[in-house]
Amino acid sequence: ATEALRRTSERFRALVRHSSDVIIVTDAQGRPSYVSPALEHVLGCRTDDLVGRNLLGLVHPEDRPICHAHFGTVIADPSREHAIEIRGRHADGRWRWFELRTVNLLHEPAVQGVVAHVRDITERRTAEQALEYRALHDPLTGLPNRALVVDRLSQTFASARRHGLSTAVLFVDLD
């Protein structure tokens with residue numbers, strides 16, 4: 001039994017150490033008690049730099065309210081996993097996109113914390129933004145294409161109706 005426990009413990013440590021996701025365990029106030037070694041290659045900083053520190057300082061200022069609300073939801077609803085996408089500061093100073101999948105395990109005696117799996121999704125977000133731009137802009141001129149113009153006109157007409165205003169569209173075809 002002791003040998004089986006030792007092997008299980010070693011397997012767990014090896015899996016966590018070699019995971020591409022950062023695993024963070026925090027207390028109910030959001031202070032980390034454990035940060036996995038993957039932090040060094042994902043955020044470029046040492047695990048000792050974050051333990052006991054307020055993690056909200058690493059979150060982009062515009063995303064802090066979302067992150068704070070997310071943590072509150074996780075604390076209030078321990079029945080399921082919650083996920084958000086936020087920007088965080090890398091050690092080199094650049095903002096990167098991260099997906100947080102968080103679950104409240106404060107009630108679990110073996111964990112007694114909120115567990116967050118953090119994955120760098122910057123490349124995916126960049127590709128999504130490039131695809132969206134290509135879908136809505138002419139590749140030759142970079143000008144908005146028909147789909148984007150129709151979308152913006154629809155928004156303008158809806159706004160004008162809500163505010164009791166008139167709208168006109170002038171279309172000039174130049175060849």
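Me: Let's start with a helix. Which strands does helix α4 lie across?

Reply: To place a helix, look for the strands it covers and the angle it makes with one of them. In this predicted model, α4, residues 122–136, lies across β3, β4 and β5 (113–120). Its direction is at about 120 degrees to that of β4.

Me: Okay, so those strands belong to a sheet. In what order do the five strands sit?

Reply: Read a sheet from one side to the other, rather than along the sequence. Here the order is β2-β1-β5-β4-β3, in an open sheet with antiparallel pairing. At the edges you'll find β2 (32–35) and β3 (82–89), each with pairing on one side only. Going from one strand to the next, the twist averages 25 degrees.

Me: Let me zoom in on one pair. How many bridges join β3 to β4?

Reply: Count the bridges, then check the directions. Eight bridges link β3 with β4 (residues 95–105), and the two run antiparallel. For a landmark, find Glu 85: across from it in β4 stands Glu 99.

Me: Glu 99 catches my eye. Why does Glu 99 count as buried?

Reply: For burial, take the relative accessibility and hold it against a cut-off. Glu 99 comes out at 15%, and the cut-off for buried is under 20%, so Glu 99 counts as buried. This residue sits in strand β4.

Me: What is Glu 99 in contact with, leaving aside its neighbours within four places in sequence?

Reply: With those set aside, Glu 99 is in contact with Ile 84 and Glu 85, and also with His 117, Val 118, Arg 119 and Ile 121.

Me: Now pockets. What volume does the largest pocket have?

Reply: Take the volume, then ask who lines the space. The largest pocket has about 560 Å³. Its lining counts 29 residues, and the closest to the centre are Leu 55, Leu 56, Val 59, Cys 67 and Leu 100.

Me: Which element gives the most to that lining of the largest pocket?

Reply: That's α3, with five residues. At least two residues each come from β1 (22–26), α3 (64–76), β3, β4 and β5. Sorted by class, the lining of the largest pocket has 17 nonpolar, nine polar and three charged residues.

Me: And which residues line the second largest pocket?

Reply: Same routine. This pocket holds about 270 Å³ of space. Its lining is made of Arg 146, Val 149, Val 150, Leu 153, Val 169, Leu 170, Phe 171 and Asp 173. By class, that is six nonpolar and two charged residues, with no polar ones.

Terms used: Residues are numbered from 1 along each chain as its sequence is written. This is a predicted model: local features need pLDDT of at least 70, side-chain atom pairs count only at pLDDT 80 or more; totals for chains, interfaces and linings use all residues. Side-chain values use heavy atoms; hydrogens and water are left out. Two strands pair if DSSP finds at least two bridges between them. Helices (H or I, at least four residues) and strands (E, at least two) are DSSP runs, numbered from the N terminus. Axes are lines fitted to C-alpha atoms, for helices over the stretch in contact, and angles run from 0 to 180 degrees between N-to-C directions. Contact means heavy atoms within 4.5 Å. On a 1 Å grid over the protein atoms alone, a cavity is a set of points where a 1.4 Å probe fits but cannot get out, and a pocket is an open set with protein on both sides within 12 Å along at least five of seven lines; lining residues have an atom within 4 Å of a point. Grid points are joined across faces, edges and corners, and a volume is the space filled by probe spheres set on the points. Ala, Val, Leu, Ile, Met, Phe, Trp, Tyr, Cys and Pro count as nonpolar, Asp, Glu, Lys and Arg as charged, and the others, Gly among them, as polar. Buried means under 20% relative accessible area, exposed over 50%, partly exposed in between (1.4 Å probe, protein chains only).
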